[in-house]
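Let's take a slow walk through this structure together. Keep the picture open beside the text as you read.

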Amino acid sequence: EFGLSVGESAKLAESAGEIAVGLGMTLEESQKLLGTLTTIGGLSTKQAEDFAKQAASLAEANNVAPDEVLNDIAGNTELFATYAKDGGTNIARAAIQARKLGVEITDITGSMDAMLDFQGSLNSEIEASVMLGRNLNLQKARELSLAGDIEGFQKEILKQVGSEAEFNKMNVLQKQALAKATGLTVDKLSKMVSKEKE
């Protein structure tokens with residue numbers, strides 16, 4: 001299926017079956033995950049299997065459903081190709097962090113992409129600062145976005161947004177301006193802020 005030899009295909013199918021059973025995924029989901037990790041991530045079948053198990057353990061340790069995290073990764077080959085470092089462990093951590101904050105990793109990388117439109121991002125930041133009556137500084141978030149640091153980016157956005165109490169005091173227009181500046185929707189930003197203290 002992925003341009004592999006018969007032996008490699010058989011090994012991949014066997015691994016997909018083991019992962020599906022072990023991690024509560026469907027066979028199709030685990031095949032998609034292994035396909036992403038081996039073809040896009042350049043991992044061997046064994047490395048991909050180890051990655052899936054480590055990511056699942058990390059998710060469980062963080063009280064996040066492993067299959068949700070692994071499906072977030074499997075369904076985003078472009079994300080993996082763009083941001084993966086060190087065999088993709090940074091993607092696993094960032095996907096878990098996003099789920100803990102009530103969003104998906106694609107919500108975060110979409111926000112990061114918005115930050116890379118520097119002029120648009122800067123304009124939105126100024127508008128939000130005026131609306132909020134305080135200085136919003138997204139320079140660090142733009143730097144982290146450019147560096148591909150998804151985890152650091154999530155933390156920086158939350159730092160700039162402030163506490164849930166502060167967020168809840170804002171009026172609708174202020175929330176919309178802040179969401180636009182961060183490249184997120186109001187509901188995603190609201191979820192992240194409310195989940196952060198947990």
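Start with how hidden a residue is: buried means under 20% relative accessible area, exposed means over 50%, and partly exposed is anything in between, worked out with a 1.4 Å probe on protein chains only. By that yardstick Glu127 is partly exposed, with a relative accessible area of 43%. We'll come back to Glu127 further on.

A word on what you're looking at. This is a predicted model, in which local features need pLDDT of at least 70 and side-chain atom pairs count only at pLDDT 80 or more, while totals for chains, interfaces and linings use all residues. Residues are numbered from 1 along each chain as its sequence is written, and side-chain values use heavy atoms, with hydrogens and water left out.

How sure is the predictor? Its confidence in each residue is called pLDDT and runs from 0 to 100. For the protein chain the mean pLDDT is 90, and 95% of the residues reach 70 or more. Helices here are DSSP runs (H or I, at least four residues), numbered from the N terminus. Confidence in the protein chain is lowest in helix H1 (residues 6-23), with a mean of 76, and highest in helix H12 (residues 172-182), with 97.

So let's visit H12. Its buried residues are Gln174, Lys175, Ala177, Leu178, Ala179, Ala181 and Thr182. What covers them? Contact means heavy atoms within 4.5 Å, and the cover over the buried residues of H12 includes helix H7 (105-115), helix H8 (118-132), helix H10 (150-161), helix H11 (164-169) and helix H13 (186-196). Look at the two ends as well. At the start of H12, Asn171 has a side-chain oxygen that comes to within 3.0 Å of the backbone nitrogen of Leu173. Just after H12 sits Gly183, with a positive phi of about 75°.

H12 also takes part in a charged pairing. Side chains of opposite charge can pair when their charged atoms come close. Here a salt bridge is a side-chain nitrogen of Lys or Arg within 4 Å of a carboxyl oxygen of Asp or Glu, and the structure holds 10 of them. One of these joins Lys180 and Glu127, whose closest N and O atoms are 3.7 Å apart. This pair links distant parts of the chain, as Lys180 belongs to helix H12 and Glu127 to helix H8, 53 residues apart. Lys180 counts as exposed, at 51% relative accessibility, whereas Glu127 is the partly exposed residue we met at the start.

Next stop: helix H6 (residues 89-100). The expected span of a helix is 1.5 Å times one less than its number of residues. For the 12 residues of H6 that gives 16 Å, and the end C-alpha atoms are 17 Å apart, which agrees. Asn90, Ile91, Ala92, Ala94, Ala95, Ile96, Gln97 and Ala98 are buried in H6. The cover over them includes H3, helix H4 (66-74), H5, H7 and H10. Just after H6, Gly102 has a positive phi, about 80°.

H6 has its own charged partners. Which residues are linked in a network of salt bridges? They are Glu68, Asp72, Arg99 and Glu104. Within this group, Glu68 pairs with Arg99, with the closest N and O atoms 3.3 Å apart. Glu68 lies in helix H4 and Arg99 in helix H6, 31 residues apart. Arg99 also forms a salt bridge with Asp72, at 2.8 Å between the closest N and O atoms. Because Arg99 is in helix H6 and Asp72 in helix H4, that pair ties together parts that are 27 residues apart in sequence.

The partners differ in how hidden they are. Glu68 is partly exposed at 35%, and Arg99 is partly exposed at 24%, but Asp72 counts as buried at 7% relative accessibility. Leaving aside residues up to four places away in sequence, Asp72 touches Arg99, Glu104 and Ile105.

Last, the aromatic rings. Rings of Phe, Tyr and Trp (its six-membered ring) pair if their centres lie within 6.5 Å; planes under 30 degrees apart count as stacked, over 60 as edge-to-face and the rest as tilted. By this rule there is 1 aromatic pair. Phe51 and Phe80 form it edge-to-face, at 6.2 Å centre to centre with 90° between the planes. Phe51 sits in helix H3 (residues 45-61) and Phe80 in helix H5 (residues 77-83), 29 residues apart. Phe51 is buried at 4% relative accessibility, and Phe80 is buried too, at 3%.

How values were computed. pLDDT = per-residue confidence, 0-100. Helix = DSSP H or I, 4+ residues; strand = E, 2+ residues; numbered from the N terminus. Polar contact = N/O pair within 3.5 Å; in protein donor to acceptor, adjacent residues only side chain to side chain.
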